[in-house]
Amino acid sequence: MSVNPSLKFARMCGGLGKHCREVKRSWEQQHHHQNTMAIKNYGLIVPPITNREEGAEHILGAEKPIINPLGIWDWSAGEKQRRENIETYACTVFNTLRAICTLIKFKTGIEVNYSERYLANVAKFKGILNPNSGADPHKIAELIRNIAGCLREDKLPWSDDIKTAEDYYDVQNLAELMKEGQVWYNEWELEHRWVFNGGTPQEKQDKLKLALKEGTVCVSVVAWKQRGGLYYKDAGETDGHWTGLERYDKESPIIEDSYPESEGDFEKTLEPLYDFGIAKVYYLNPAQPKLSILQKIINILKELVGI
């Protein structure tokens, strides 16, 4: 039989007077904060990673160049994923875009900001994102890579007139915006891989530390449970949030999150050997010049005649 923590503390104090009551009140407040943080799903759908469509053929390898030897990323400026208590269930959209923006800042020194509302609406239109449950991060990355591109925040911002999730997902000129978003392909080419497909927490940590040297990394977590100042996950729990992995502090993962309010700071320190369910590493390369159909035909003819 469990004992109420407050009753247990009172028995420990044994009626030692005012000072003990003040200590008890402080302890109760800390205990309450630590154990009543609600576990939530912010829009992550975890795929099984069993076939090509789910990215099973694209797992972290050793052939990618090391671009950040320290494995420490200065993530793009923190923003709140949820505003005015409107939950869009778009954490996979929000933090995948932040991973891309962080890469661009790393490579160019330029701070960019892309519209998560644009990408979330394209994902909803394509049947990839359900506004009531979220999306698979692999499908979101593929959507950016092949269909939607990225659109500047000022083209479709989270404006003050958005009062509900229905307002957020109400975009009338999406086809026109997609044409603008696809211009992004003239600048960048996105690649992405799963960091692991199963394994022990130690094996996952080793692969994550390697991935952090190659590109930006997003991970799935249980959001959020805290003890001893660190966020943790019990064995067998299902992750419900997609967020950014900034670095490792020795054995503790440091998260750069998109929920700073009741869920703590943007930066969150996790317990050592945190057992992430899934993780992705993102790579960006400058776009290669696109050849016209005529130029492609000419090149083929040149090869045939040996020119």
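This briefing describes aromatic contacts, strand pairing and surface features of the structure shown above. The model is predicted. A search of the whole structure finds seven aromatic pairs. Strand S8, spanning residues 279–286, pairs with strand S1 and with strand S2. On the surface, five residues including Val305 make a nonpolar patch of about 520 Å².

**Aromatic pairs and cluster**

- A pair of aromatic rings is described by the distance of the centres and the angle of the planes.
- The ring centres of Tyr168 and Tyr169 lie 5.0 Å apart, and the pair is edge-to-face because the planes meet at 80 degrees, where an angle over 60 degrees is required for that class.
- Tyr168 is buried, its relative accessible area being 0%, and Tyr169 is likewise counted as buried, at 10%.
- Tyr274 and Phe276 have ring centres 4.9 Å apart with planes at 45 degrees, so this pair is tilted; the angle falls neither under 30 degrees, the limit for stacked rings, nor over 60 degrees.
- Both members of the tilted pair are buried: Tyr274 has a relative accessible area of 5%, and Phe276 has one of 0%.
- One aromatic cluster is formed by Tyr114, Trp184 and Tyr185.

**Charges over rings**

- Lys64 places its charged end over the ring of Tyr283, at 4.9 Å from the ring centre.
- Arg227 lies over the face of Tyr232, and the distance to the ring centre is 3.8 Å.

**Strands S1, S2 and S8**

- Strand S8 is mostly covered, with six of its eight residues buried.
- Strand S1 covers residues 188–194 and pairs with S8 in the antiparallel sense over seven bridges.
- S1 is also mostly covered, since five of its seven residues are buried, each having under 20% relative accessible area.
- Within the pairing of S1 and S8, Trp194 stands opposite Lys280, while Arg193 has Val281 as its bridge partner.
- Strand S2 covers residues 216–221 and also pairs with S8 in the antiparallel sense, over four bridges.
- Val217 has Val281 of S8 as its bridge partner; Val281 is therefore a bridge partner of both Arg193 and Val217, which is in keeping with the pairing of S8 with two strands.
- In a regular strand the side chains alternate between the two faces of the sheet.

**Nonpolar surface patch**

- The patch of about 520 Å² is made by Ile297, Ile300, Leu301, Leu304 and Val305.
- Val305 belongs to helix H9, which runs over residues 293–305.
- Val305 counts as exposed because its relative accessibility is 61%, and exposed means over 50%.

**Pro69 and its loop**

- Pro69 is located in the loop between helix H2 (18–35) and helix H3 (91–108).
- With a relative accessible area of 59%, Pro69 is exposed.
- Pro69 and Leu212 are 143 residues apart in sequence, yet their C-alpha atoms are 8.4 Å apart in space.

Conventions
Residues numbered from 1 in each chain as written. Predicted model: local features only at pLDDT ≥ 70, side-chain atom pairs only at ≥ 80, totals over all residues. Heavy atoms only, no water. Phe/Tyr/Trp six-rings, centres within 6.5 Å; stacked < 30°, edge-to-face > 60°. Buried < 20%, exposed > 50% of the residue type's maximum accessible area, 1.4 Å probe, protein only. Lys NZ or Arg CZ within 6 Å of the ring centre and 35° of its normal. Patch = residues over 30% accessible without salt bridge, like charges linked within 9 Å, V, L, I, M, F, W, Y side chains within 5 Å. Areas by Shrake-Rupley, 256 points an atom, 1.4 Å probe, with all protein chains shown as cover. Salt bridge = Lys/Arg side-chain N within 4 Å of Asp/Glu carboxyl O.
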